[in-house]
Amino acid sequence: MYFNPNNSEEFIWVSERDGYNHLYLHSANDGSMLKQLTSGEWVVTDFLGFYEDRKVYFRGTMENPLEQNIYSVDLKTFEIIRISPDHGTHNALVSSSGKFILDYYSSIDISREYKLLNHKGDVVRVLQENRDPLEDYHLGEMSIFTIKSDNESDLYCRMIKPIDFNASKKYPVFIYVYGGPHAQLISDSWLGGARLFLYYMAQKGFLVFTLDNHGTANRGRDFEQAIFRNLGTIEVRDQMIGVEYLKSLPFVDPDRIGVDGWSYGGFMTISMMLKNPGVFKVGVAGGPVIDWKYYEIMYGERYMDTPHDNPEGYKNSSLLNYVDDLQGKLMIIHGTNDPTVVWQNSLQFLKQAIKANKQMDYFVYPGHGHNVRGVDRSHLYEKISSYFIDNL
């Protein structure tokens, strides 16, 4: 809820009531809705404030789910104007008068650029021009595309080809996965949203692939809530559609596919391996949720309800129930002081694997929390990359 400082009789309510996150103008007197300000199969991602002349600025995905642009809506005429002139992922600071906007953004073409715009989106001045910090590096070619899910939804994918790619060769595949709520790994931003480690793996000769499955952000209520009460089900199906696509490519070696992820991505990595035995030759799971009953209530019960109300969902999502299906090389990594995915998660999985006489690898980072930070992070990257190089 955002109250209009220029008009005490109205406020803006941000709601998903029509299936997508939009702005609604309401009366402050009786709460009634006066006007839906934005609509369509896209989402408002940020409310940037009220300004003079009864104008509101916001950030949203009107063009496509990969972009986030800056817009204004006039509370008199209800006209929506796109302010940011360039494609990409934008953020903004708006002057107190609303007449000037500091637009800072990146895209697949731009590493970072700052522009001063007027309220119409005209460029007043370029404050910091783009400079490619990687121009001296040899990177693999990156592409973004879509494939269809079982229900015909678009699933956005990112592929980074090995350097000096040769279509007549067969390449091993390194799948990087997260897959959980509030995250979008693929975007019209610098490097396509990928971190440099993924380009490093492409330099090492891997075809690097990522897919944003159902449950991930900025796609609307139905797409995001499809995973409710059944974590690790539809997300895994979507990821396997991506795997089938990869197997259809003549330059992919279907016998050398691996998967890597951390946190929810660790949960997804192990879920994909256990629920599709024999498909993945290698997996690395960092800080993985193993059983959602061990996870923090604030997050777990938001998406799974309580174990009492949803026993079947908790049973189906617990990876302890699939250990007998483990095939391939799996390494789990955990920080010993992890307060988010407590150490008990992966220790329970390790205990169950030993009981089932299943071999796996296990590595801990003493004193680290939910991720490995500081100087030790280079050790983590070497650990992960070496595991795939040696086994895939």
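## A walk through a predicted protein chain

Of the 392 residues in the protein chain, 51% are buried. Keep in mind as you look around that this is a predicted model.

**The whole chain**

Let us begin with the overall build. The protein chain contains eight helices and 20 strands. Its radius of gyration is 23 Å, close to the 21 Å that the globule rule gives for 392 residues, so the chain is as compact as a globular protein of that length. Taken along the principal axes, the box filled by the C-alpha atoms is roughly 70 × 55 × 45 Å.

Contacts tell you how the chain folds back on itself. Among contacts with a separation of 6 or more, 57% are between residues 24 or more positions apart.

The outside can be described too. The protein chain exposes about 17800 Å², and carbon and sulfur atoms supply 47% of that area. As for charge, there are 38 positive and 50 negative side chains, and the centres of these two sets lie 3 Å apart.

**A helix with a buried side**

Now find helix α5, which covers residues 297-304. Which of its residues are buried? They are Y299, G300, Y303 and M304. These residues cover an arc of only 95° around the axis, which puts them on the same side of α5. The cover over the buried residues of α5 includes α4 (264-275) and α6 (311-317). After α5 comes D305, and the phi of D305 is positive, near 60°.

**Four loop residues**

Next, try locating four residues that sit in loops. The table gives the place and relative accessible area of each.

| Residue | Loop between | Relative accessible area |
|---|---|---|
| H119 | β11 (113-118) and β12 (123-128) | 31%, partly exposed |
| G140 | β12 and β13 (142-148) | 7%, buried |
| Q184 | β15 (171-176) and α1 (196-203) | 23%, partly exposed |
| S263 | β17 (252-262) and α4 | 10%, buried |

Is S263 buried or exposed? The cut-off for buried is under 20% relative accessible area, and S263 has 10%, so S263 counts as buried. Q184, at 23%, is partly exposed.

What does each one touch? In the contact lists that follow, neighbours within four places in sequence are left aside.

S263 is in contact with Y178, G286, G287, P288, V289, V341 and H370. That list is a good one to trace in the structure, residue by residue.

G140 touches I160, K161, P162, I163 and Y199. G140 and Q203 are 63 residues apart in sequence, while their C-alpha atoms are 6.7 Å apart in space.

Q184 is in contact with P65, L66, D212, A217 and N218. How far apart are the C-alpha atoms of Q184 and G88? They are separated by 14 Å, and the two residues are 96 residues apart along the chain.

H119 is in contact with K55, Y57, I83, G98, K99 and I101. Between the C-alpha atoms of H119 and Y104 the separation is 15 Å, with the two residues 15 residues apart along the chain.

**Looking back**

To finish, return to helix α5 in the structure and pick out Y299, G300, Y303 and M304, its buried residues. Then look for α4 and α6, which are among the elements that cover them. From α4 you can go on to S263, in the loop between β17 and α4.

Technical notes. Residues are numbered from 1 along each chain as its sequence is written. This is a predicted model: local features need pLDDT of at least 70, side-chain atom pairs count only at pLDDT 80 or more; totals for chains, interfaces and linings use all residues. Side-chain values use heavy atoms; hydrogens and water are left out. Helices (H or I, at least four residues) and strands (E, at least two) are DSSP runs, numbered from the N terminus. The radius of gyration is taken over C-alpha atoms; the globule rule is 2.2 Å times the number of residues to the power 0.38. Buried means under 20% relative accessible area, exposed over 50%, partly exposed in between (1.4 Å probe, protein chains only). Contact means heavy atoms within 4.5 Å. Accessible areas come from the Shrake-Rupley method with a 1.4 Å probe; for residues, only the protein chains shown count as cover. Lys and Arg count as positive and Asp and Glu as negative; His and the chain ends are not counted. The place of a charge is taken as NZ of Lys, CZ of Arg, CG of Asp or CD of Glu. The arc is that of the directions from the helix axis to the C-beta atoms.
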